[in-house]
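The following exercises are to be worked with the sequence and the model side by side. Each task is followed by a solution in steps.

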Amino acid sequence: MKVRTLLCVCALLFSLTVAAQFQPERYPKREFRAAWIQAVNGQFRGIPTEKLKQTLISQLNSLQEAGINAIIFQVRPEADALYASQLEPWSRFLTGVQGQAPNPYWDPMEFMIEECHKRGMEFHAWINPYRVKTSLKNELAPGHVYNIHPEWFVTYGDQVYFDPALPESRRHICMVITDIVSRYDVDAIHMDDYFYPYPKQGVDFPDDASFARYGGGFSNKADWRRSNVNVLIKKIHETVRELKPWVKFGVSPFGIYRNQKSDPLGSKTNGLQNYDDLYADVLLWAREGWIDYNIPQIYWEIGHPAADYITLIQWWNKNATREGTHLYIGQNVARTMKADQLTRKMLYERSLSKVKGNCFWPANEILWNNKGVADSLKQNYHRYPALIPAYTHLHNRAPQEVKKLKAEWTAQGYMLHWQAEQSKTNPELASYFVIYRFENKEPVNLDDPSKIVAVTRETNYLLPYDNGKRKYRYVVTAVDRFHNENQGKSKKVKL
């Protein structure tokens, strides 16, 4: 038997074994289905306002068609802003020149929040906490905090960073988050994998002076660095909770926490480590409840010799140590599709008890439909809508049911409409509504996502009237900002 044939047979047997061993819910009612939209690839730079708005609308429409229900949008790449910041300059990744406002003027984050919410998507504001320059040749605006307080920063390789040891650095970052959360209707604050920078071989991060000043009580620099990051994470958690308790705080760390050669409790992998190399103690943050969700970037293939996908997803599932912290998986679309492993990865992700969804990197790969990924999501894995898993550790009581549910003819057509108390400042009230349709005598099962016909923030739904001879039962439920859903009200109609 040829080697290639043997490998195909082994792969088939593996898939059948997994399918037999696990019976995951084929179409889950609740699943986090997010995509990262980055700015640092230059896709927005210098594009005229109206054209960029239309581009973003087109992207959101395509991602919505692919079943995406949350957008993680990069708003702060280099201590700058893709929004009207009160503390930091406009980003060069938007206008081409840092500090230069868009012309005609607009606010991309405000625009994206509105467009995401129109489509029933969450908006997560993605910030890079410490990075200031991705290259030393980049020019900073005169009013950039670096030019006001250069003593807060360090240069490492070809980049510039806030010194994580300084209280001033943490204070500034928390001020930025306060500015975002207090002024914008974001659903979450999101940090990626850039904590202490990825190490450069033979070059230590230049913080000897800071260690001498602030390192008292620590026997080694590694523990001290981890403590610096821990303090920031805790302060961000407290900042967000105090401002808006319904706004989540999540991170997407590098996919390996520790290797077994460093810690017997680590994963059977051989790669860079969050704990040892980036000084990010992600498990501590989850255990202490400082983060509401965790998206480890498990970007490798099934069978990768140094970092096998199955090994890592099982490890994170086992070690998601706090019930309240949601665990999602960061998926590298290009590598997954190149290895033809989307089906196996989705099967495994849905078979594990603590994994509640995925985030796809980057969104552009879905928009380009790399090897049919968007088609596969639409037709297969995201065939039906899914609600985002409820954050019951923040609040676990469903909102009141809708009132006065009626079906009436209007100028727009046959309309289902209702009433519900709503408020942007009360997260326990209805935030959006889910509309289900059942055959006349069919049992009502709200756990079946195939019955969802719409997810909307409006208090009406245009019914697909045909000839008025067929009976259906519609159920309308209300869902709060924490994604708690009530049992809903029903209405029989003839369509």
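**Exercise 1. Enclosed cavities**

A search of the whole structure, which is a predicted model, finds 2 cavities of 30 Å³ or more.

*Task.* Determine which elements supply at least two residues each to the lining of the largest cavity, and which gives the most.

*Solution.*
Step 1. The space in the largest cavity is about 70 Å³.
Step 2. Its lining consists of Val282, Leu283, Ala286, Asn294, Trp316, Asn319, Ala320, Thr321, Arg322, Thr325, His326 and Leu327.
Step 3. At least two lining residues each come from helix H10 (282-288), helix H11 (309-319) and strand S10 (326-332). H10 gives the most, with 3 residues.
Step 4. Sorted by class, this lining holds 6 nonpolar, 5 polar and 1 charged residues.

*Task.* Carry out the analysis for the second largest cavity, and state which element gives the most to its lining.

*Solution.*
Step 1. About 50 Å³ of space lies in the second largest cavity.
Step 2. The residues that line it are Gln331, Asn332, Val333, Thr336, Leu342, Lys345, Met346, Phe360 and Val373.
Step 3. Two or more of these residues are given by each of S10, helix H12 (333-338) and helix H13 (342-351). With 3 residues, H13 gives the most.
Step 4. The classes are 5 nonpolar, 3 polar and 1 charged residues.

**Exercise 2. Aromatic rings**

*Task.* State how many aromatic pairs a search of the whole structure finds, and then classify the pair formed by tryptophan 90 and tyrosine 105.

*Solution.*
Step 1. The search of the whole structure yields 31 aromatic pairs.
Step 2. For tryptophan 90 and tyrosine 105, the centre-to-centre distance is 5.8 Å and the angle between the planes is 90°. Planes over 60 degrees apart count as edge-to-face, and this pair is edge-to-face.
Step 3. Tryptophan 90 lies in the loop between strand S2 (70-76) and helix H3 (92-95), and tyrosine 105 in the loop between H3 and helix H4 (108-118); the pair therefore ties together parts that are 15 residues apart in sequence.
Step 4. Tryptophan 90 counts as buried, at 10% relative accessibility, whereas tyrosine 105 counts as exposed, at 54%.

*Task.* Classify the pair of tryptophan 315 and tryptophan 316: what is its geometry, and are the two residues buried or exposed?

*Solution.*
Step 1. The ring centres of tryptophan 315 and tryptophan 316 are 5.1 Å apart and the planes stand at 85°, so the pair is edge-to-face.
Step 2. Both tryptophan 315 and tryptophan 316 are buried.

*Task.* Identify the residues that sit with a charged end over the rings of tyrosine 309 and tyrosine 472.

*Solution.*
Step 1. Over the ring of tyrosine 309 sits the charged end of lysine 345, 4.6 Å from the ring centre. Lysine 345 also appears in the lining of the second largest cavity.
Step 2. Over the ring of tyrosine 472 sits the charged end of arginine 437, 4.1 Å from the ring centre.

**Exercise 3. The surroundings of H4**

*Task.* Explain why H4 is described as largely enclosed by the rest of the structure.

*Solution.*
Step 1. The buried residues of H4 are Pro108, Met109, Phe111, Met112, Ile113, Glu115, Cys116 and His117.
Step 2. Because 8 of the 11 residues of H4 are buried, the helix is largely enclosed by the rest of the structure.
Step 3. The cover over these buried residues includes strand S1 (32-37), helix H2 (49-65), S2, H3, strand S3 (122-127) and helix H6 (167-183).

**Exercise 4. Backbone geometry**

*Task.* Locate the cis peptide bonds that precede proline 104 and proline 362.

*Solution.*
Step 1. Most peptide bonds are trans.
Step 2. Asparagine 103 and proline 104 are joined by a cis peptide bond with omega of about 0°; proline 104 lies in the loop between H3 and H4.
Step 3. Tryptophan 361 and proline 362 are joined by a cis peptide bond with omega of about -20°. Proline 362 is in the loop between strand S11 (355-361) and helix H14 (363-367).

*Task.* What is the phi of lysine 371, and what is the phi of histidine 483? For each residue, decide whether it is buried or exposed.

*Solution.*
Step 1. Most residues other than glycine have a negative phi.
Step 2. Lysine 371 has a positive phi, near 50°, and is found in the loop between H14 and helix H15 (373-381). At 55% relative accessibility, lysine 371 counts as exposed.
Step 3. Histidine 483 has a positive phi, near 75°, and is placed in the loop between strand S17 (471-479) and strand S18 (489-494). With a relative accessible area of 5%, histidine 483 is buried.

Definitions and conventions
Residues are numbered from 1 along each chain as its sequence is written. This is a predicted model: local features need pLDDT of at least 70, side-chain atom pairs count only at pLDDT 80 or more; totals for chains, interfaces and linings use all residues. Side-chain values use heavy atoms; hydrogens and water are left out. On a 1 Å grid over the protein atoms alone, a cavity is a set of points where a 1.4 Å probe fits but cannot get out, and a pocket is an open set with protein on both sides within 12 Å along at least five of seven lines; lining residues have an atom within 4 Å of a point. Grid points are joined across faces, edges and corners, and a volume is the space filled by probe spheres set on the points. Helices (H or I, at least four residues) and strands (E, at least two) are DSSP runs, numbered from the N terminus. Ala, Val, Leu, Ile, Met, Phe, Trp, Tyr, Cys and Pro count as nonpolar, Asp, Glu, Lys and Arg as charged, and the others, Gly among them, as polar. Rings of Phe, Tyr and Trp (its six-membered ring) pair if their centres lie within 6.5 Å; planes under 30 degrees apart count as stacked, over 60 as edge-to-face and the rest as tilted. Buried means under 20% relative accessible area, exposed over 50%, partly exposed in between (1.4 Å probe, protein chains only). A charge sits over a ring if NZ of Lys or CZ of Arg is within 6 Å of the ring centre and within 35 degrees of the ring normal. Contact means heavy atoms within 4.5 Å.
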